[in-house]
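Here is a short tour of one protein chain for anyone who likes to connect sequence with backbone and packing. Have the viewer open as you read.

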Amino acid sequence: MKISLNNIKYKYEIFQIFSLFYNQDEIEFSDIGEFKINIIKNNIIMGNNIIKEYSFDEDLTEKENIKKYVYSYLVDTFGYGFPYGTLVGIRPSKIASKLLKEGFNESEIIKYYDKYYLASSEKAKLCTEVAENEKKLLNNDSHKVSIYVGMPFCPTRCIYCSFASNPISSVKHLVQPYLEALTKEIEYIGKLIKERNIEIDCVYFGGGTPTSVDEESFDKIMRVIYDNFVCEKNIREFTVECGRADSINFKKLNTMKKFNVDRISINPQSMNNRTLKMIGRSHTKEDVINIFNMARKLCFENINMDIIIGLADEGINEIKNTMDEIEKLNPDSITIHGLSIKRGSKLKDSDNKQAARGFDEICNMYQEAHARSKKIGMFPYYMYRQKNMIGNMENTGYCMTSKEGIYNMEMIEDSESILAFGADGVSKYVDTKTGRIDRTANVKDVKEYINRIDEMITRKVQLFFKEELQWQNH
Ligand SMILES: C[S@@+](CC[C@H](N)C(=O)[O-])C[C@H]1O[C@@H](n2cnc3c(N)ncnc32)[C@H](O)[C@@H]1O
Ligand code: SF4
């Protein structure tokens, strides 16, 4: 679609709305575009075959008006719209959080989402529910920091994945040097945290797959994390996202118990063996069940399970089956992801994109997963969106009472500082008074990370340990 636009200031916003309906590669801006958009004073006039004119709503900003009316035009043309309307940001619940603080009630928030973004009442309700739950748990203490540690190895690489996740058998020679570099980084910063009396809120060990290394190496790195960030500290949560059933065993579960891990993930993604094979996960649904039961026997009382909607050629029946199997296990939380076709994943590069499902079936699959999570007593506690998500939906975390993943909530809401260790870890300093966020990222490539470990440490020291920072002055 060639678009001619008289006010180039809004090119990005218009591109975002068009990409809901057209393939991004097909959208082009040109002086002789067939689709004409003229923004004149408080009006937008647009169209190709049929020209329409909309007058701006005075309550909305110019940008919001433009997005809303371009979107409305395309909905009329195509005969369908999207549940989030013009909302394309990654944190749709942030709007509800802000409105709740200003004293709006649920029905006013629903009206607001419709008026400003043409978002459905169902999504507005979901955002409000998440925002309500977040209010109770978000850290308001600017002196606290959470910790992220990344393990960039996995048993195999899943086709949709773009995270730092190297199949461990092909990089065996890098595992020990990586763990040494990671230990150096943790111990150096751990010492500074201790000296400055900085309090730790949550610790999250993810990746990749933390348990993809052998038992001895896992025990060793867990001790380093425990000694520096957990021991004698009054932390709220210690999560290990072990994730892959084919990387977990009795010994590794025992190690996690020994070091006081209170939340783990055992992620099926799907409980259909055919799908698991197609996405490149070398475990079966039976493995997931066995490991889950083993973890329960060892008294893990907060177990999360991740699933993805839109995998391989899954439809509503496969999702029903996944939810049936998960329900039998009775986990403490379920995170429902929508497949996102990401740059850097095998899926993006392959010709065999996931079978295109009709929009109605995609909606049904999401609805089924949400409804079933609610039916077993869970409520939504955090959510975020990504680019190129199937159905343009969201990822939502559901949990039983008091089983929220606190780190997830803090991280998505940018409500506290995070010190991140390991390849691809992104540290952020959040000034809770001004809302300003400064970030520094570790390199993603494992070899680079090992070779440049001193630089990774220095970057963090520079961002977090300047004398004037507020958390050091209490
Ligand atoms: C950081 S990943 C790692 C989890 C762990 N290694 C595993 O696979 O079980 C966290 C979750 O993000 C989700 N995820 C990863 N890539 C995705 C994609 N392209 N689209 C949708 N969800 C994705 C999966 O549900 C995954 O469990
Ligand atoms: S989804 Fe998890 S297990 Fe699969 S490659 Fe990515 S990080 Fe590794």
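What follows covers the nonpolar core and then some backbone features of this predicted model.

**The core**

Let us start inside. The largest nonpolar core holds 125 residues. Ile14, Val203, Ile266 and Ile309 have the most contacts within this core. Helix α6 supplies the largest share of the core, with six residues. In soluble globular proteins, nonpolar side chains tend to be buried together.

Which residues does Ile14 touch, leaving aside its neighbours within four places in sequence? Its contacts are Ile3, Leu5, Ile37, Ile66 and Val70.

**Backbone features**

Now for the loops. Two asparagines have a positive phi, and the table puts them side by side.

| Residue | Phi | Loop | C-beta neighbours inside 10 Å |
|---|---|---|---|
| Asn197 | near 60 degrees | between α6 (172–195) and β9 (199–207) | 10 |
| Asn330 | near 60 degrees | between α11 (316–329) and β13 (333–338) | 12 |

Is Asn197 buried or exposed? Asn197 counts as exposed because it has 10 C-beta neighbours inside 10 Å, and the cut-off for exposed is 12 or fewer. Asn330, with 12 such neighbours, therefore counts as exposed too.

Strand β9 (199–207) leads to one more feature, at Gly207. Which residue is joined to Gly207 by a cis peptide bond? The partner is Gly208, and omega for this bond is about 20 degrees. Gly208 lies in the loop between β9 and α7 (215–230).

How values were computed: Residues numbered from 1 in each chain as written. Chains lettered and ligands numbered in written order. Predicted model: local features only at pLDDT ≥ 70, side-chain atom pairs only at ≥ 80, totals over all residues. Helix = DSSP H or I, 4+ residues; strand = E, 2+ residues; numbered from the N terminus. Buried ≥ 20, exposed ≤ 12 C-beta atoms within 10 Å, placed from the backbone. Core = buried A, V, L, I, M, F, W, Y, C linked by C-beta atoms within 7 Å. Contact = placed C-beta atoms within 7 Å.
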